[in-house]
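Colleague: I should like to learn how to read the features of a structure that is new to me. Please explain each idea in general and then show me the case at hand.

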Amino acid sequence: MAEIISDAVPAVKRYGPSSSAAAEKPWVKWTFISLAGLVLLWLIVLPLITVMSEALKKGWDVYLAALSDPDALSALRLTLLVAAIAVPLNSIFGVIAAWTLTKFRFRGKNLLITLLDLPFAVSPVIGGLIFVLIFGRQGWLGPWLESHDIKIIFAVPGIVLATLFVTFPFVAKELIPLMEEQGTKEEEAAVTLGARGWQIFWRVTLPNIKWGLLYGIILCNARAMGEFGAVSVVSGHIRGETNTLPLHVEILYNEYQFSASFAVASLLLLLAVITLLLKHWFTRKNAH
């Protein structure tokens, strides 16, 4: 036995973490850091600088005029309205889905988890086409909706539905790993002390998931305000009525109003920066 241990000691010395072959070389570390920095500079920083420079290229007067245009303001209001509807609904759905998948065992659980990933796997354009096939004039429910004077496609309800489709996994996907890691011990202890369902949720579960929930809400909101593909299909591009900010940027660009299009794009950029700052703040709070 002693011979085996004595033979193993040199092997540890040769192949252990202290080996010079396994030691991290400074040039390797800085090479990868430099490559990552160059990629971020090329794909993220330079496009952002370009957007701002093009937006202010003709001066502040043109920039402010583009943002104060009635169509731009209408697009901003619609974008905020859709986000204000979609984000709370998907937050409620995300909490329910995460609770169901982590606290209960039932048949079809794996299928439900797979369906949560569907918006990530399916193109947003296809998602928009699905709603057109269901609620459009020639769709499955089209004749009934038309006979009752209910308009979904090329109207705000269709935009909300499309946004709900592309954003519904975000909150759930943030909460499921967190709630799985926490387990059910605290909830079971609360049950033994006589707590009921809502009491358990508000006093035990929610405090444990609050930072993950807020993080998922931020991501959901960012996607809701920036969604283009699915909304483009169902909106009809009615200027001043069904255009969100991304659609308004596209229309201005196609009309060769480059300064105005970049000005509106800078507004979306500002919303994205605010989202990133909130994400960073919540991440730091969660770490502490």
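Modeller: Let us begin with helices and strands, which are DSSP runs (H or I of at least four residues for a helix, E of at least two for a strand), numbered from the N terminus. The model is predicted, so local features need pLDDT of at least 70 and side-chain atom pairs count only at pLDDT 80 or more, whereas totals for chains, interfaces and linings use all residues. Residues are numbered from 1 along each chain as its sequence is written, and side-chain values use heavy atoms, with hydrogens and water left out.

Colleague: How much helix and strand does the chain have over residues 30-52?

Modeller: Residues 30-52 are 100% helix and 0% strand, with the end C-alpha atoms 30 Å apart. Over residues 213-238 the figures are 81% helix and 0% strand, and the end C-alpha atoms lie 35 Å apart. The UniProt record, an unreviewed entry, lists both ranges among those it places as "transmembrane region"; such positions are given in the numbering used here, feature names are shortened, and annotations may be inferred rather than shown by experiment.

Colleague: Which residue in the loop between helix H8 and helix H9 should I examine?

Modeller: Most residues other than glycine have a negative phi. Phe154, in the loop between helix H8 (142-147) and helix H9 (156-167), has a positive phi of about 60° although it is not a glycine. Phe154 is partly exposed, at a relative accessible area of 41%; buried means under 20%, exposed over 50% and partly exposed in between, with a 1.4 Å probe and protein chains only. His237 likewise has a positive phi, near 55°, and lies in the loop between helix H13 (229-235) and helix H14 (245-254).

Colleague: How many aromatic pairs are there?

Modeller: A pair of aromatic rings is described by the distance of the centres and the angle of the planes. Rings of Phe, Tyr and Trp (its six-membered ring) pair if their centres lie within 6.5 Å; planes under 30 degrees apart are stacked, over 60 edge-to-face, and the rest tilted. The count by this rule is 10 aromatic pairs. In one of them, the rings of Phe93 and Phe168 have centres 5.5 Å apart and planes at 80°, so the pair is edge-to-face. Phe93 lies in helix H4 (residues 70-103) and Phe168 in the loop between H9 and helix H10 (169-182), so the pair ties together parts 75 residues apart in sequence. Phe93 is partly exposed, at 33% relative accessible area, while Phe168 counts as buried at 17%.
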